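Here is a set of short questions and answers on one protein chain. Look at the structure first, then work through them.

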Amino acid sequence: MYFLDNDELALLRELKIHPLLQKAGQIIDVDVGIVTGFNDYFVLTEKQVGEHKLVDVTRRLVGRSNNLQGLIFQESDWQATADKNAGAFLLDIPKPSLSPLSEAVTQYVAHGEAIQAHTGFKCRNRKPWYVVPSIWTPPAFMLRQIHNYPKIVLNSADATCTDTIHRVRFRTDTPPTAIATGFLNSLTFTFVEIMGRSYGGGVLELEPNEAEQVLLPPINEPFIDPLDIDKLLRANNIAAVLDLTDQHLLKAKLGLSAKDVQLLRSTWEKLRDRRINRKHERKSKPQTDLKVLEIK
């Protein structure tokens with residue numbers, strides 16, 4: 001017995017082959033965040049940066065998805081994390097061949113070896129162990145572990161992220177604000193629930209290859225002020241956001257009926273609620289039968 005009923009499955013099958021839908025990977029590139037190998041050493045607070053004199057070898061960081069409250073990760077968001085003396089900096093030591101290590105950095109490397117940071121699997125398999133690879137600052141982030149709903153968050157604070165969050169680059173000339181706003185719709189939310197993997201605790205995990213397979217409606221140009229969406233998200237009013245985006249993207253652009261849009265909304269809510277309510281289960285499969293939908 002499938003969790004979704006026949007009407008819901010029929011609509012999803014029909015949408016899967018809709019000629020106007022596109023896979024997210026056509027307009028965005030999703031990559032994992034930075035794998036440090038030892039976050040307790042490489043992720044620093046503002047106080048630690050000052051104490052160890054590491055200002056010149058650190059960069060801004062967002063380390064937790066709950067720091068991404070709105071549509072735009074702003075300067076004030078990053079500063080709020082730093083002010084709480086939470087991990088807001090990433091150690092980014094250049095290779096010694098490119099820049100000699102200062103006395104302060106040399107001392108911090110010695111501190112890392114004293115606490116055995118260099119013995120972990122990731123660290124001991126890179127040379128030198130304290131140089132973290134693939135550090136770059138993305139124009140946007142994407143939630144890897146989803147609780148209530150997925151989203152793309154624009155990066156205006158010049159921060160990077162650890163692998164608890166995905167890094168997003170844009171493949172086309174479509175304005176990033178249009179893509180981040182357009183990602184928030186009932187159709188995309190439903191397919192995220194289907195493509196992701198549901199775990200005990202109510203969390204949905206979406207890996208980069210899965211994120212790039214998610215279906216999107218036509219997104220060509222900005223259609224609403226992103227700051228308005230940002231305010232609604234920060235107020236935890238996702239229903240109001242979907243009312244706006246579904247009207248423009250699913251009804252006006254995609255041509256879906258009000259009935260179909262409502263069915264999509266209720267399908268997403270059903271999948272989300274069932275996932276969240278399964279908090280005491282161990283790792284589990286997605287709640288729909290993917291073979292029936294044939295989207296993987």
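Q: How many salt bridges does a search of the whole structure find?
A: This is a predicted model. A salt bridge here needs a side-chain nitrogen of Lys or Arg within 4 Å of a carboxyl oxygen of Asp or Glu. A search of the whole structure with that criterion gives a total of 16.

Q: Which residue forms a salt bridge with Glu75?
A: The closest N and O atoms of the pair are 2.6 Å apart. Glu75 counts as partly exposed, at 38% relative accessibility. Its partner is partly exposed too, at 24%. That partner is Arg60.

Q: How many residues apart are Glu75 and Arg60, the two ends of that salt bridge?
A: Glu75 and Arg60 are joined by a salt bridge. Glu75 sits in helix 4 (residues 75–83), and Arg60 belongs to strand 4. The pair therefore links distant parts of the chain, and the separation is 15 residues.

Q: Are Arg275 and Glu193 buried or exposed?
A: These two side chains form a salt bridge, with the closest N and O atoms 2.7 Å apart. The pair links distant parts of the chain, 82 residues apart: Arg275 is in helix 12 (residues 258–276) and Glu193 is in helix 8. The cut-off for burial is under 20% relative accessible area. By that test, Arg275 and Glu193 are both buried.

Q: Which residue of the salt bridge between Asp243 and Arg265 counts as buried?
A: The two side chains meet at 2.9 Å, N to O. They link helix 11 (residues 238–253), which holds Asp243, to helix 12, which holds Arg265. Asp243 is partly exposed, with a relative accessible area of 47%. At 11%, the buried residue is Arg265.

Q: Which residues are linked in a network of salt bridges?
A: Here the salt bridges join up into a network. Its arginines are Arg144 and Arg197. Its full membership is Arg144, Arg197, Glu205, Glu207 and Glu210.

Q: In what order do the three strands of the open sheet lie?
A: Strand 8 (145–146) and strand 12 (197–198) are the edge strands, each pairing on one side only. Strand 12 is joined by two bridges to strand 13 (residues 204–205), and these run antiparallel. The order is 8-13-12.

Q: Which residue in strand 13 does Ser198 stand opposite?
A: Strand 12 covers residues 197–198. Two bridges join it to strand 13. Opposite Ser198 in strand 13 stands Leu204.

Q: In which sense do strand 4 and strand 10 pair?
A: Strand 4 (residues 58–62) pairs with strand 6 (residues 89–91) over three bridges, in the antiparallel sense. Thr58 stands opposite Leu91 there. With strand 10 (residues 160–161), strand 4 has two bridges, and the bridge partner of Val62 is Cys161. The sense of the pairing between strand 4 and strand 10 is parallel.

Q: Why is there no disulfide between Cys123 and Cys161?
A: A disulfide needs two cysteine sulfur atoms within 2.5 Å. A search of the whole structure finds zero. Cys123 and Cys161 are each buried, at 0% relative accessibility. The closest cysteine sulfur to that of Cys123 is in Cys161, and this is too far for a bond, at 18 Å.

Q: How many residues of helix 8 are buried?
A: Helix 8 spans residues 186–195 and is mostly covered. Its buried residues include Phe189, Phe191, Glu193 and Met195. The count is 10 of its 10 residues.

Q: Which backbone nitrogen does a side-chain oxygen of Asn185 reach at the start of helix 8?
A: The contact lies at the start of helix 8. The side-chain oxygen of Asn185 comes to within 3.0 Å of the nitrogen. That backbone nitrogen belongs to Leu187.

Q: What is the radius of gyration of the protein chain?
A: The chain has 13 helices and 14 strands. The globule rule gives 19 Å for 296 residues, and the value for this chain is close to that, so the chain is as compact as a globular protein of that length. The radius of gyration is 21 Å.

Q: What percentage of the 296 residues in the protein chain is buried?
A: The C-alpha atoms fill a box of roughly 65 × 40 × 30 Å along the principal axes. Among contacts between residues at least 6 apart in sequence, 78% join residues at least 24 apart. Buried residues make up 51%.

Note on methods: Residues are numbered from 1 along each chain as its sequence is written. This is a predicted model: local features need pLDDT of at least 70, side-chain atom pairs count only at pLDDT 80 or more; totals for chains, interfaces and linings use all residues. Side-chain values use heavy atoms; hydrogens and water are left out. Two strands pair if DSSP finds at least two bridges between them. Helices (H or I, at least four residues) and strands (E, at least two) are DSSP runs, numbered from the N terminus. Buried means under 20% relative accessible area, exposed over 50%, partly exposed in between (1.4 Å probe, protein chains only). A polar contact is a pair of N or O atoms within 3.5 Å; within protein, one must be able to donate a hydrogen and the other to accept it, and residues adjacent in sequence count only if both atoms are side-chain atoms. The radius of gyration is taken over C-alpha atoms; the globule rule is 2.2 Å times the number of residues to the power 0.38. Contact means heavy atoms within 4.5 Å.
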